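Biologist: I should like to request a close look at one part of this protein, namely its packed helices and the nonpolar residues between them. Please explain it in a form that a first-year student can follow.

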Amino acid sequence: MEVQVAHAANPPPHILGYTIRSRTRIWVSYIVPTCLALFVYIVQTASDLALSYQHFSQKEPGFGAGTLVLVLIPPLLTSLIVILSKDQRKSESAERSKCAALGLGLAKLFLFPFFVMIRFSSRLFWAVEGLFHDDDDVERMKCLAKATQTSNIELYLMIQAYAQAAPQIILQLYYMLAQDLFRNYETSAVQALSLVFSAIDLAGITTAYHRIESQRRVGRHYPWATPQEVDNHRCQLEQNERLCCEAARKKRESERTIASFPESDKIMENFRSRRSLRMSSEATHELHVQGEDEVDNDGLEQMETRALLHSGPGPKDNATDEEKIKGALPKLKLRYQDLGDLDTIEVLDTIPETPAPPPPPKTAPPELPVLMPSEDDPPAPDLRRTMSDNEHRKSRRATRPLSQLETFKDMLLVNAQLYIKEHVPHPPRLLMGRVSEDTEEEHSPLVPQGSTPKIPSPLTPKDVVDFYFPRPTKIVNGIQQDDFAGRTVSFFGWIAFITMRMLALSTFCVFYPKAFFILVGVHYILMLGCLALETRCQGSWSRNLFLLLLAYIYIFVLLEFRVCFKSIRMWYGCYLVLTLVENITITSIWYGNEEYESWWFGFIAEWILYSGILFVATLIVYYLILRPKEVSLIVEDDNAATPEGKPNDQDSVA
């Protein structure tokens, strides 16, 4: 049976738990999102450029320059990150010369809208090409691999959402609310297009990347990753599949081995049955046994023990004492106060393991006749015990209880070892055996002493099965990608959250601009402190520098990017409570204290309230029904051999 390994490298092939066909998955995961993203990008970029021109034509150079600068910041930041990243430079100059790579980078910087449309067109072409191949065909998989091929254009699209769309919404809302009734309606129409599609772009990027770090741990890679990083993730998935198959095979072999050699099961069953019989049985008769020490010729010392007779499976009422004694084996129980005066042979409840003496061989000489003593013979020696014999007998009497305790201790140890072998996982002994064999090979002579095969040790139990992997491994936890239903609900939830957040901040900025910057600064410092506490500022300098940009993103939305949260529920819960309290507080302040003549402000206050309710409703539905499944991968632990305190190379910004 083939082992199905779950990961987050590709979109899931199901919707609401129902498996979908490959053609349907191409439509809902590749073609429809690509077409919508291309349409949103064209309208957003065109409206922002037109809005900048409109501000300049209306003698508003400040707003016009601010709008144009926000459009140009994303390509500048993308080019700067590509230049500073060593891996990105190698990836760009791997297939072409450095001059050609530099020229291509400058072309992407100045003609970035055309390269973005080329990127979307290429993805759409290969996705449609995959529809013309049969299901589960190799050519279809190749087409989908080309459709999801990495490019640094994806990095530009992500930076555009948080460096262009988010501040653009604040800027244009502030301009519209500040102008109030004295605004140009042609400019307002372009502003409405810019606001709507900027919010859609911001919500779409947040939906795609809000849990990317947890997904990247279990197979997903960044869309702008280098080919080397993509190969590393593919090797990680192949390694996980191989280790899972190996573990399943070892498990099947262990089950067959235990079924073939059930000695431990029989021993444990006997042990449990004896223990239950000893604990559950009740005494029916009490018998005083008196006897003489047959070894002692004096016959002066006697012993007295109390034997508890247990009735057998037959009837108890009509049976006589003799039948009960014959039908059940008596259990002798010695009193500890009588052990000091015990002077008889040991009373055991089991048959000794000493084998009987062998019969005489057939070739043995005939038995000699027994000579009877005559009157002329000398008297026989006195075989009665002397004082020295009594001393030896006393020492034996004193050490006999200790020997019984030693035997009881050995039985307990054997039972404990068998119980541990059955219920407790044991360390990889075969791996330890390999290490010992390597050390023996290092000290082995140049000329072998003999070619006889090694005989396995008879002390090794037959039911011991060792699970081991060739290298140290670790289990990495993460989540799958959202299916189509989960992405749709998450998208509308982020739309509601962004609408509430942006309306609250921009309206508060109109009435209290100074308090607005104080609020944003305090929120930024708080998020930066939480990130520093989460990461302990461990890693490369570029990763710590990226925390400054990540804290800026957390002013608008929460994103698990480049930082894997240790407690994701605590992060999202605290962040959502904080932002909801901020939005409600600042909205209540200006709505209750300020006087306004336009109906816009009352409409904005209602929209803030309704957006918050819609966001909470979508959050509940997503968390309870559409939340992606958690998956785990078994990977080799490469950090086991690295020294502590050395940062990982994968923690770079790009």
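**Helix packing and the nonpolar core**

Modeller: In this predicted model, helices H16 and H17 pack at an angle of about 140°, and their axes are 9 Å apart. Angles over 145 degrees count as roughly antiparallel, and the angle here is about 140°, so H16 and H17 are oblique to each other. The crossing of H16 over H17 is right-handed. On the side of H16, the contact is made by Tyr524, Met527, Leu528, Leu531 and Thr535. On the side of H17, the residues that make it are Arg543, Leu547, Leu548, Leu550, Ala551 and Tyr552.

A second pair may be set beside this one. H15 and H19 pack at about 150°, with 8 Å between their axes. Because angles over 145 degrees count as roughly antiparallel, H15 and H19 are described as roughly antiparallel to each other. H15 passes H19 in a left-handed crossing.

These four helices also share in a nonpolar core. The largest such core in the chain has 64 residues, and those touching the most other members are Tyr162, Met502, Tyr554 and Phe561. At least two residues of this core come from each of helix H7 (153-179), helix H8 (185-209), helix H15 (484-511), helix H16 (513-535), H17, H18 and helix H19 (600-626). Apart from this core there is a second, separate one of 10 residues, which includes Tyr41, Val116, Ile153 and Leu157.

Tyr162 deserves a closer look. When its neighbours within four places in sequence are left aside, Tyr162 is in contact with Pro167, Leu202, Ile205, Thr206, Tyr552, Ile553, Val557 and Leu559. Tyr552 appears in this list, and Tyr552 is also one of the H17 residues in contact with H16.

Helix H18 also contains a residue to examine, Glu582. A residue is buried when its relative accessible area is under 20%; the value for Glu582 is 11%, and therefore Glu582 counts as buried. Leaving aside neighbours within four places in sequence, Glu582 is in contact with Arg501, Leu519 and His523.

Between helix H17 (541-553) and helix H18 (568-593) runs a loop, and Arg562 is located there. Most residues other than glycine have a negative phi. Arg562 is not a glycine, yet its phi is positive, at about 65°. Since its relative accessibility is 10%, Arg562 counts as buried.

Leu16 offers a contrast with Arg562 in accessibility. Leu16 lies in the loop between strand S1 (14-15) and strand S2 (18-19), and its phi is also positive, near 55°. Exposed means over 50% relative accessible area; with a value of 52%, Leu16 is therefore exposed, whereas Arg562 is buried.

Finally, the chain as a whole gives the setting. It has 19 helices and seven strands. Of its 654 residues, 34% count as buried. The chain exposes about 41900 Å², of which carbon and sulfur atoms supply 63%. Among contacts between residues at least 6 apart in sequence, 78% join residues at least 24 apart.

Notes
Residues are numbered from 1 along each chain as its sequence is written. This is a predicted model: local features need pLDDT of at least 70, side-chain atom pairs count only at pLDDT 80 or more; totals for chains, interfaces and linings use all residues. Side-chain values use heavy atoms; hydrogens and water are left out. Buried means under 20% relative accessible area, exposed over 50%, partly exposed in between (1.4 Å probe, protein chains only). Contact means heavy atoms within 4.5 Å. Accessible areas come from the Shrake-Rupley method with a 1.4 Å probe; for residues, only the protein chains shown count as cover. A nonpolar core is a set of buried Ala, Val, Leu, Ile, Met, Phe, Trp, Tyr and Cys residues joined through side-chain atoms within 4.5 Å. Axes are lines fitted to C-alpha atoms, for helices over the stretch in contact, and angles run from 0 to 180 degrees between N-to-C directions. Angles under 35 degrees count as roughly parallel, over 145 as roughly antiparallel, 65 to 115 as roughly perpendicular and the rest as oblique. A crossing is left-handed if the near helix is turned anticlockwise from the far one by less than a right angle, and right-handed if clockwise.
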